[in-house]
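Me: I am new to this structure. Please take a close look at one part, the largest pocket, and then go on to what else can be said.

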Amino acid sequence: MQTKILSTSEYDIRLAGKILAKGGLVAFPTETVYGLGANALDEEAVKHIYIAKGRPSDNPLIVHISDKADIAPLVKEITPKAQALFDAFFPAPLTVILPKSEKVGSIVSGGLDTVAVRVPENEIARRLIQAAGCPIAAPSANTSGLPSPTKAKYVIDDMRGKIDAIIDGGDCTFGVESTVITLATQTPTILRPGAITKEMIENVIGRVNVARAVLEGMKNNETAASPGMKYKHYAPKAKVVIVNADKQMYENFVNSKKNAFALCFENDNITIPKVTFGRENDDLSQAKELFDALRKLDEMGAKKVYARIPSTNGVGMAVYNRLIRAAAFKIIDLKKPFFIGLTGQTGAGKGYVSRQLEKLGFNIIDSDKIVKKIYENNPELLQRLAKEFGNDILIEGILDRKTLARRAFSSKENTEKLNQIVHPKVISLCEREAKPLAVLDAPQLFEANAQSKCYKIISVAASYETRLKRIMQRDNITMQQAERRIHAQLDESYYINHSDFVIYNNGEDIKTQIDKIMEEIL
């Protein structure tokens, strides 16, 4: 197909209108992003939008109209709250979902019984709708899954040869798609954030919910009630990972990376190749520049990108919503006290894995060493232990750790008593000693309820027989004593089911397992 590149002249707008009226496809600018339009009342024409984009047909489209008076034929009823939103905002980067009339086909609505309508603020878009003489169904004018286009050149890159015409109307104002709110639920709910914020809407119609999928993603088999709700969306070809960190922490982390790019704010001090998306604390500039930045990363040949996390307040929620989908929900959380929690049953070989992580540059917080410090410098705690496990665990005020271990690990009940006394102090001191990229090496990680303080958890596992031999040799104890220690801990299935990764240490290649984990989380 030959794609016409049109201007915004009256002649070209009328030509584009005729193309739409005859069932063709035209890409056009709006104040948010470029849209790919078809006659919303022509089901056959709408089908071709999905084909041109490679878009799943269960993803509903937004119907664009030039005047709010044109909404009534498309919906069953204009409710008081809907009318209030129309009066307060339209034309605007806001889409309202209502139960649809029979005039709206199932393809436009993605098989739902609702329709999404909006009056674009962009004058070129409204002129085109008037010239076409029909409502226009239009998603963003990009190949499905890629970043939405805010410049005509990106539309041309994606759509040349697939559609009839593209109107070059310059750069879009806002840079992220319209806010989508459904009024088809008991409480109005934002399904996609945009430039019209939750606070702005609540000032007009009262309490508004934000759908869980806005910031967390859709559940399996959940139906998309709005465009942009899919798990991975707006994504460049590069692998994007969001870094949850303050400015200094982000800079230190990213600057240590090789063969990677940074997606950061303008004032960030970055030494690796970078692309910026706006200024810190300026969510409107971030929104305007985000999609262009994602496109530039592909143009620069980026393979892996570490993105600075935006705020989720105001328009920042829209920026975060798009970025989290571009990253397929991959986040490195450096604000957790511990980057990795390393644990495993006694005798599994956790110490060896800890040493390998230290060689990779991680800061190891060894909870056993912290426990030793506490035992040496906390007489009050020692007295509590003596009261619980017997005064003879103290020899001239110094703890006999072997005697304590023999009694504390003789049963799960005694182990739990020890944990309740020692763990809170241990974890508190570990947090105080933690540095960026800290690894909490803790055999009692789960018992101490410290998993929530870790970004990712790695458990080390080994067979029962292997662990038994290692414990007997390491601690110079009998088989019976070693077995009691094993049975005083959680069973292997608990570690496996509650960890992000498991390293098997029965003679397997530990380095290869660690490398695979690092590739996944870094």
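Reply: For sorting the residues of a lining, Ala, Val, Leu, Ile, Met, Phe, Trp, Tyr, Cys and Pro count as nonpolar, Asp, Glu, Lys and Arg as charged, and the others, Gly among them, as polar. By that scheme the lining of the largest pocket has 16 nonpolar, 15 polar and 15 charged residues. The model is a predicted one.

The pocket has a volume of about 1400 Å³. Its lining is made of 46 residues, and those nearest the centre are Asp-368, Arg-401, Phe-409, Pro-443 and Arg-474. Several elements each give two or more residues to this lining. Six of them are helices: helix 11 (350-359), helix 12 (367-377), helix 14 (401-408), helix 15 (412-433), helix 16 (464-475) and helix 17 (479-487). Strand 18 (363-366) also belongs to this group. Helix 15 gives the largest share, with six residues.

The structure also has enclosed spaces. There are four cavities of 30 Å³ or more. About 220 Å³ of space lies in the largest cavity. This cavity is lined by 21 residues, with Ala-138, Pro-139, Ser-140, Glu-177 and Arg-192 nearest its centre. Its lining divides into eight nonpolar, eight polar and five charged residues.

Next comes strand 22, which spans residues 454-461. How many of its eight residues are buried? Seven are, so the strand is largely enclosed by the rest of the structure. Strand 22 has parallel pairings with two strands described here. With strand 17 (residues 338-344) it shares six bridges, and in one pairing of residues Gly-341 has Ile-457 of strand 22 as its bridge partner. With strand 23 (residues 501-504) it shares four bridges, again in the parallel sense. There, Ala-461 stands opposite Tyr-504 of strand 23. In a regular strand the side chains alternate between the two faces of the sheet.

Cys-454 is buried, since its relative accessible area of 5% is under the 20% limit. Cys-454 takes part in no disulfide, and the nearest cysteine sulfur, that of Cys-430, is 9.9 Å away. A disulfide needs the two sulfur atoms within 2.5 Å, and the structure as a whole holds zero disulfides. Another cysteine, Cys-172, is also buried, at 4% relative accessibility.

Aromatic rings make up the last topic. A search of the whole structure finds seven aromatic pairs. Phe-446 and Tyr-494 form an edge-to-face pair, with 5.5 Å between the centres and 75° between the planes. Phe-446 sits in the loop between strand 21 (438-441) and strand 22, while Tyr-494 is in helix 18 (residues 492-497), so this pair ties together parts that are 48 residues apart in sequence. Phe-446 is buried, at 4% relative accessible area, whereas Tyr-494 is partly exposed, at 28%.

Phe-446 also pairs edge-to-face with Tyr-495, at 5.7 Å centre to centre and 65° between the planes. Tyr-495 belongs to helix 18 too, so this second pair ties the loop between strand 21 and strand 22 to a part 49 residues away in sequence. Tyr-495 is buried, with a relative accessible area of 3%. Ring pairs elsewhere link Phe-339, Phe-362 and Tyr-455 into a cluster.

Technical notes: Residues numbered from 1 in each chain as written. Predicted model: local features only at pLDDT ≥ 70, side-chain atom pairs only at ≥ 80, totals over all residues. Heavy atoms only, no water. 1 Å grid on protein atoms, 1.4 Å probe; cavity = no way out; pocket = protein on both sides within 12 Å on 5 of 7 lines; lining within 4 Å. Points joined across faces, edges and corners; volume = space filled by probe spheres on them. Buried < 20%, exposed > 50% of the residue type's maximum accessible area, 1.4 Å probe, protein only. Pairing = 2+ DSSP bridges. Phe/Tyr/Trp six-rings, centres within 6.5 Å; stacked < 30°, edge-to-face > 60°.
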